[in-house]
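Student: Could you take a close look with me at one part of this model, and then build outward from there? I'm in my first year, so please explain the terms as we go.

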Amino acid sequence: MANHFRRTPIYLVLMQAFAAPAFAEAVATPDPTPVATASAATTVTIVGEGKTRQVQDITKEDLMKVVPGTSPLKTLDKLPGVSFQSADPFGAYEWSTRFSARGFNQNHLGFTLDNVPLGDMSYGNNNGLHISRAISSENIGHVVLSQGAGDVGTASTSNLGGTVQFYSSAPTEEFGLTGGQTFGSNSTSRTFARIDTGLLSTGTKAYLSATRQRTDKWKGSGSQNQDQFNSKLVQQLGTNNKLSAFFNYSDRKEVDYQDMSLEMINRLGYNWDNYAPDWQRAVNAAKKVYTGGVNSLDDAYYQGSGLRKDSLIGATLDSYLSDAMTLKTTAYHHSNQGQGHWYTPYQASTNGLPLSIRTTEYSISRNGLLSDLTWELGQHTVNAGFWVESSLHTDTRNYYDATGSQDTNYYLSNPFKTDFKQNFTTTTTQFYAQDTMSFMDNKFKLNYGFKSPSVKVNSVVITGSRAGGEIKASKTFLPQVGVNYAMTKNDELFASVTQNMRAFQPGVDGPFSQKQVAFDLGQANLKPETSTTFDSGYRFKRNDFVGSVALYYTKFSDRLLSVATCAGIVGCPSTLVNVGEVETKGVEAALSWSLAKDWTLFNSLTYNDSKYKSNYVDNNVVVNIAGKQVVDAPKTMFKTELSYDTPVWFSRVGAKFTDKRFYTYTNDASVPSYWIADLTAGYKQKSFAGLKDFSIQLNVQNLLNKQYISTIGSNGFQATDPNGTAQTILTGAPRQFFVSVSGKM
């Protein structure tokens with residue numbers, strides 16, 4: 001065990017940390033300057049001052065105004081270019097969560113937490129985990145969104161589009177206890193407790209927190225529950241070196257909502273869901289005895305659910321090697337166990353019941369190391385580093401006997417049948433280097449650099465007929481060039497061009513989900529997806545307002561399409577091919593205006609035109625999609641929000657318009673546009689009844705109780721759906737009320 005630990009990346013960082021104090025005594029470098037935050041007029045930094053790309057920041061204050069437990073991805077929905085959808089009020093139900101920026105969905109974006117990669121946040125994730133499991137929302141300090149392209153040093157091999165970087169809050173300098181309690185619709189109860197040690201004489205500060213959330217679904221039967229533990233330690237080493245480490249654990253169990261179609265909504269109603277707890281009706285339906293408007297096996301199932309357990313640990317050492325040179329090294333480990341349950345009427349149990357429990361079972365074990373060296377050299381700021389990761393991922397499809405209506409929302413064992421089991425070993429290496437040059441007294445900046453990603457995936461088939469073998473995606477030179485020109489201290493222009501690559505994905509989907517013969521025939525011609533993004537804009541700030549306008553163009557090449565041979569829920573093998581290009585162009589604008597003392601108006605506008613440029617062939621039939629709008633990419637979005645904030649009272653009312661969205665490649669089926677409004681109001685005091693930073697807050701989501709379609713593509717997208725029968729959409733939650741109380745001791 002000890003020898004194994006010495007080989008892990010975290011061990012190397014800790015050894016570097018313990019060696020650092022002696023070296024640090026000879027160094028006299030101040031701590032790095034903090035990143036500038038928003039002005040008092042707004043909690044959204046929409047300027048990204050000095051950056052060569054479109055960059056925006058959601059601060060802690062903005063995160064605190066939403067319901068505790070809300071996914072920070074949902075908070076980003078107010079920013080230009082961003083579309084967020086989920087069937088639950090918290091935005092945390094992972095089967096339904098969809099996040100996109102400038103027409104790129106989350107599978108084509110990059111996500112990190114304190115520099116640790118979170119993968120692409122897809123439901124059957126093979127290389128990461130959702131932010132809602134990675135850390136409690138109360139412990140997030142701020143979020144940085146780059147809509148077009150992230151920095152070359154971002155630890156991601158899926159960011160064809162932008163990146164989202166989450167940063168946890170630091171332990172406080174003073175000892176304290178923080179608590180919060182939320183109650184609300186659907187029997188919601190969320191309890192949060194945190195203890196901070198304060199700054200100790202040893203130069204140490206740390207916190208521990210625990211979160212317990214229980215909530216019922218807003219329709220149908222079942223709950224969506226989560227328990228979390230977070231911890232973080234910051235240790236000063238010598239004068240100018242710092243070690244920070246965290247350990248986070250999550251245990252999440254969520255019962256699914258039924259995937260719908262437009263035809264089902266018309267026939268069965270907006271609030272239709274699965275049969276549970278009516279066991280007999282599910283058994284009858286499995287025997288094709290239908291009641292109450294049901295006319296097929298897939299109109300409803302007894303129940304479905306998702307279970308996930310995650311442990312995430314990371315350590316970062318900031319070393320100041322000289323007045324001009326700093327080294328930052330991060331090591332991490334992530335382990336995951338998961339099961340997705342589905343009561344299937346397509347496979348009988350061995351005990352005679354006409355349905356069984358089908359599972360998709362996951363495990364992940366990732367170890368990684370990132371290192372970044374920054375060197376100030378006259379007019380140059382040189383930055384170089386690397387990222388390496390080794391990941392073992394296992395996917396299994398099992399079947400278990402159904403025994404009745406008793407709770408089975410736990411990890412099952414001893415299946416009676418296994419369709420497939422695959423082990424995937426993924427090795428990722430990425431080197432990057434960049435230089436930022438400053439001219440004209442820092443008014444003009446030129447940034448240029450590149451990265452060299454290489455991702456090799458090896459599949460070993462344990463059971464079943466899915467493909468085994470090896471596939472590699474790599475690019476020696478992916479450049480990024482950007483400029484920033486400060487015309488005045490309040491006005492600046494920026495422009496950049498970036499190339500990126502998305503690696504092939506192991507897991508339930510991807511190249512290895514095919515039959516072996518299909519994989520062997522197609523592997524040689526399969527290319528990784530790539531993108532080239534042009535980003536330009538203007539930022540400005542005045543006494544009463546700040547804002548930005550950005551123009552962008554993206555060419556997305558070698559798009560991969562998985563052609564399924566049966567319904568998505570059945571999960572049979574598919575064929576993966578390159579099907580051509582997508583072209584995206586658009587404009588986005590944001591403005592935060594201080595109307596008067598304590599009053600702020602925030603607006604963001606997006607126009608995004610994403611179109612397929614190439615037709616493709618399916619079973620020798622040409623599918624004509626050239627010139628069609630990209631699925632789940634609304635052309636127009638508009639967000640408006642009025643805020644009132646005093647030392648005692650605060651309120652916020654906002655509304656967002658989302659344009660219609662297509663869920664077929666041929667654009668013959670879509671869901672309508674909609675407006676959704678939300679309200680926040682509360683009372684706060686620096687000191688109240690022995691508590692510090694006391695607040696009581698009311699949140700009303702979907703204020704006008706609008707019926708709308710939230711998620712589309714839950715079971716994938718279709719070439720065509722002329723009759724509206726594709727079960728791949730989910731309805732949004734109705735009006736919800738939540739009251740939260742928090743304070744510190």
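Tutor: Happy to! Let's start with the labels: helices (H or I, at least four residues) and strands (E, at least two) are DSSP runs, numbered from the N terminus. With those labels, aspartate 441 can be placed in the loop between strand E19 (417-439) and strand E20 (444-463). Before going on, please remember that this is a predicted model, where local features need pLDDT of at least 70 and side-chain atom pairs count only at pLDDT 80 or more, while totals for chains, interfaces and linings use all residues. Residues are numbered from 1 along each chain as its sequence is written, and side-chain values use heavy atoms, leaving out hydrogens and water.

Back to our loop. Most residues other than glycine have a negative phi, and most peptide bonds are trans. Aspartate 441 is not a glycine, yet its phi is positive, about 55°. Aspartate 441 counts as exposed because its relative accessibility is 75%; the cut-offs are under 20% relative accessible area for buried, over 50% for exposed, and partly exposed in between (1.4 Å probe, protein chains only).

Aspartate 598 also has a positive phi, near 75°, and is a residue other than glycine. You will find aspartate 598 in the loop between E28 and E29, and its relative accessible area of 29% makes it partly exposed. The hairpin of E28 and E29 has 2 residues between the strands. Two strands pair if DSSP finds at least two bridges between them. E28 and strand E29 (residues 599-612) run antiparallel and are joined by 14 bridges; within this pairing, glutamate 583 has lysine 611 in E29 as its bridge partner. E28 (residues 582-596) is also joined to strand E25 (residues 545-557) by 12 bridges, again in an antiparallel arrangement. There, valine 546 has serine 592 in E28 as its bridge partner. In a regular strand the side chains alternate between the two faces of the sheet.

One more backbone detail before we move inward: alanine 276 and proline 277 are joined by a cis peptide bond, with omega about 10°. Proline 277 is in the loop between helix H6 (262-268) and helix H7 (279-286).

Now for the interior. A nonpolar core is a set of buried Ala, Val, Leu, Ile, Met, Phe, Trp, Tyr and Cys residues joined through side-chain atoms within 4.5 Å. The largest nonpolar core has 46 residues, and those with the most contacts inside it include Phe99, Phe111 and Leu118. Among the elements that give two or more residues to this core are our hairpin strands E28 and E29, along with strand E4 (98-101) and strand E6 (110-113). E8 gives the largest share, 3 residues. Contact means heavy atoms within 4.5 Å; setting aside neighbours within four places in sequence, leucine 118 touches residues including Phe111, Ile131, Phe166 and Leu312. A second, separate core has 28 residues, among them Ala286 and Val671.

Some of these side chains carry rings. Rings of Phe, Tyr and Trp (its six-membered ring) pair if their centres lie within 6.5 Å; planes under 30 degrees apart are stacked, over 60 edge-to-face, and the rest tilted. By that rule there are 32 aromatic pairs. Phenylalanine 99 and phenylalanine 111 form an edge-to-face pair, because their planes are at 70°, with centres 6.1 Å apart. Phenylalanine 99 sits in strand E4 and phenylalanine 111 in strand E6, 12 residues apart. Phenylalanine 99 is buried at 2% relative accessible area, and phenylalanine 111 is buried at 1%.

Another pair, tryptophan 218 and tyrosine 257, is tilted, with 35° between the planes and 5.9 Å centre to centre. Tryptophan 218 is buried at 12% and tyrosine 257 at 4%. Ring pairs also link Tyr93, Trp218, Tyr257 and Tyr270 into a cluster.

Finally, a charge sits over a ring if NZ of Lys or CZ of Arg is within 6 Å of the ring centre and within 35 degrees of the ring normal. Lysine 417 lies over the face of tyrosine 399, at 5.1 Å from the ring centre. Lysine 65 lies over the face of phenylalanine 650, at 5.1 Å from the ring centre.
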